[in-house]
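Me: I should like to go through the architecture of this protein step by step. Please take the sheets, the helices and the cores in turn.

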Amino acid sequence: MSFREIILHSFGAFEEERFRFDAPTGLFYITGDNEAGKSTLFSAMKTILAGFRPASKERFAYFPIGKKEASLEAVFWDGSRVTRQLSSSPSGYLITENETKALGNLPMPPLKVAMVDQLYSLGPTAADALEEKDFMELVEEFLWPSQKNIRSLKEARAISSSKRRELYVHRKDGRGQLNALQREIERLDQLLIDSRERDLHTWEDRVESLRLEEEMQEIDLQIQQLQEKREEQLKDHIALSENDVRIMKQRWKIKEQLEQIEEEIRLSGGQKMDPAFSPDALADLSVLSPVFLLISIILFAISLVTVFLYRWWAIIPFVGAMLFLALFWMSQRKRGLRGVLSPKQTRLLKELGAQWYDLYRSLPAEPHVERRVLSKIPEPSEKTLEAFYTQQQDVQRTMEAQREEMEEASHKRDDILWSLSAIRERQVRFEMELSTAELEDAREEKIQEAKQLDIEWAGWAMAEELLEHLMDSKLRSLSELLPRASEYMKRFSAGKWRQIHRSGNGFLLEDDRGVMVRSTHQLSRGTADQFLLSLRLAMLDTLETTQRPFPLLLDEALAHWDEDRHGIAMQVLSEIASQRAVYFFTTQSDTERWKDLENINFIRLEKQ
């Protein structure tokens, strides 16, 4: 990949200037006085290979004064061409027989800017310290294909490792996308298990709900039947207490005594007792006596007040009313008794009436109860009353048992209602959650996404592994590179420096006595240049894999070399020139000294 012609349309001080090279390989010894254009041509070659550095017309050193753009073109021996322009922005094109590729301001593939600056071109100030970091980056430039945003093999491996870790980390709490997806799939799996259990519970709830509803209907029917029975029993039931039975026995006993007196009266006089002197009438007379007395007292008090307030004759109506009441009460009391009862019978009747009245006062509701009992017992007696009382107690116990049964059924019904309410609440909650089909779809979607990410992760893992192998091969290349660089150094120094070693912070040089010296720090400027050139030539020999090697550009690279070592370097460069083009720029026109070297071509630049 050597220059056949370079055309400087507008570059530096040159305008429409052509530089032709007659062979694809060889040592092109380019000489000229100061300001003849050697540095301009050297910079033009670098610009063709790597682009404008810096890419600004205000800062680019060879931007033509008074022109709108810098423009140059190169024709290579393989037939390809490269054009580059710099105006408001840089542009460039690689033109081959088959295609035209836009380069922009990028280097020619597979070159990189660092490779052009530090390996393929060597200027008079390139003897600055070459630390191990820069050296390793140069090595990686060869081992790593040209990429726009990835500068080195180490950076590519770091990016691959970072991308892999972004996707998956071998930890339970890893933050990678695959880790998150796996956790999401596990969560969906658990939700699916819960959903299937929920579906089973839903089916069981439906069956249980139907069973509970049927059971509640049976309980409602049972409660209704119990209520109907209880209502029927309440119609015939008489709530008797022991006191009720005792009073009714006493009343019936008094009634029997009254009947005996009536029988005695009938037998003695042949008359029947006036109906007014039934037990109820005697009780009424016993009640009327205190009532008449109370009314008489009230009337007497009113009469006294009237006399006091009005006239004495105002008492006459009240006295008449009192006499009328007294006569009425006495007539009622003696009615039917005159000529019928003996004094003993009359006294007995009075006592029986008083007892009957006491019974009225002790149990005001008794006459109603008694009438109901009498309706149930055709022939009232103490024996029949005891049997009726026992029967009513049995009925009472039955009703109590029914009441307890109704309460138990009611509690059971409440429990069923609570269970149905819990089932309905659970069904409402289940309806708000995702269905099993939706969860399966979401899980399948996450699985497919995880498969894609897994493929991507496997790709980054494989890339990282391949980069590891490349780094291993880089180390193996270093094992070949340093011996080759040692050969060059030994040859340049005429055997004084025989070996180059790597150290933690740079390189060590071993001399013919076995003494180790740190490179570029304890060496002279010329020896440092020799060491620097040895490394670069060794890298070109061991690492460059292109079939058409790029040219080597040297601008006063041997300025600090002594005569003997300068001659050795020219001999080595002429040997290298058999395989690639070497462009050697210098102000020293020693054409006679180097005319016997093989593959050398002399080019003289004259001042413009």
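Reply: Two strands are said to pair if DSSP finds at least two bridges between them. The model discussed here is a predicted one.

Me: By that criterion, how many bridges join S8 to S12, and which residue in S12 is the bridge partner of Ser121?
Reply: Pairing requires at least two bridges. S8 and S12 are joined by two bridges and run parallel. Within S12, the residue bridged to Ser121 is Leu553.

Me: What is the strand order of the open sheet of five strands, and which strands stand at its edges?
Reply: The five strands of this open sheet pair in the parallel sense, in the order S8-S12-S13-S3-S14. The two edge strands have a single partner strand each, so one side of each lacks a neighbour in the sheet. These are strand S8 (121-122) and strand S14 (600-605).

Me: Which residue in S13 is the bridge partner of Phe28, and which is that of Leu554?
Reply: Strand S3 (residues 26-32) pairs in parallel with strand S13 (residues 581-586) over six bridges, and S12 is joined to S13 by four bridges, also parallel. Phe28 is bridged to Tyr583 in S13. For Leu554, the partner in S13 is Phe584.

Me: Which residues of S12 are buried on its two sides?
Reply: In a regular strand the side chains alternate between the two faces of the sheet. S12 is covered on both faces. The buried residues are Leu552 and Leu554 on one side, with Leu553 and Asp555 on the other.

Me: What is the order of the open sheet of six strands, and why is one side of S2 and of S7 left without a neighbour?
Reply: This sheet has antiparallel pairing and the order S2-S1-S4-S5-S6-S7. Strand S2 (14-20) and strand S7 (100-102) are at the edges, so one side of each has no neighbour, because each has a single partner strand.

Me: How many bridges join S1 to S2, and which residue in S2 stands opposite Leu8?
Reply: Strand S1 (residues 3-11) runs antiparallel to S2, and six bridges join them. Opposite Leu8, in S2, stands Glu17.

Me: Which strands does H1 touch in this sheet, and what angle does its direction make with that of S1?
Reply: Helix H1 (residues 38-50) packs on the sheet and touches S1, S2, strand S4 (70-76) and strand S5 (81-86). The angle between the directions of H1 and S1 is about 105°.

Me: At what angle do H1 and H2 cross, and how do the residues of their contact divide by type?
Reply: Two packed helices are described by the angle between their axes and the distance between the axes. The axes of H1 and helix H2 (residues 113-120) come within 9 Å and cross at roughly 145°, and the crossing is right-handed. Lys46, Leu49 and Ala50 in H1 meet Val113, Val116 and Asp117 in H2. By type, the contact residues are four nonpolar, no polar and two charged.

Me: How many residues has the largest nonpolar core, and which helix gives the largest share of it?
Reply: The largest nonpolar core has 82 residues, and those with the most contacts inside it include Phe3, Phe21, Met45 and Tyr583. Nine residues, the largest share, come from helix H13 (residues 525-543).

Me: Which residues belong to the other core that lies apart from it?
Reply: That core has nine residues. Among them are Leu167, Leu178, Ala450 and Leu453.

Note on methods:
Residues numbered from 1 in each chain as written. Predicted model: local features only at pLDDT ≥ 70, side-chain atom pairs only at ≥ 80, totals over all residues. Heavy atoms only, no water. Contact = heavy atoms within 4.5 Å. Axes fitted to C-alpha atoms, helices over the stretch in contact; angles between N-to-C directions. Left-handed = near helix turned anticlockwise from the far one by under 90°. Nonpolar A, V, L, I, M, F, W, Y, C, P; charged D, E, K, R; others polar. Core = buried A, V, L, I, M, F, W, Y, C linked by side-chain atoms within 4.5 Å. Buried < 20%, exposed > 50% of the residue type's maximum accessible area, 1.4 Å probe, protein only.
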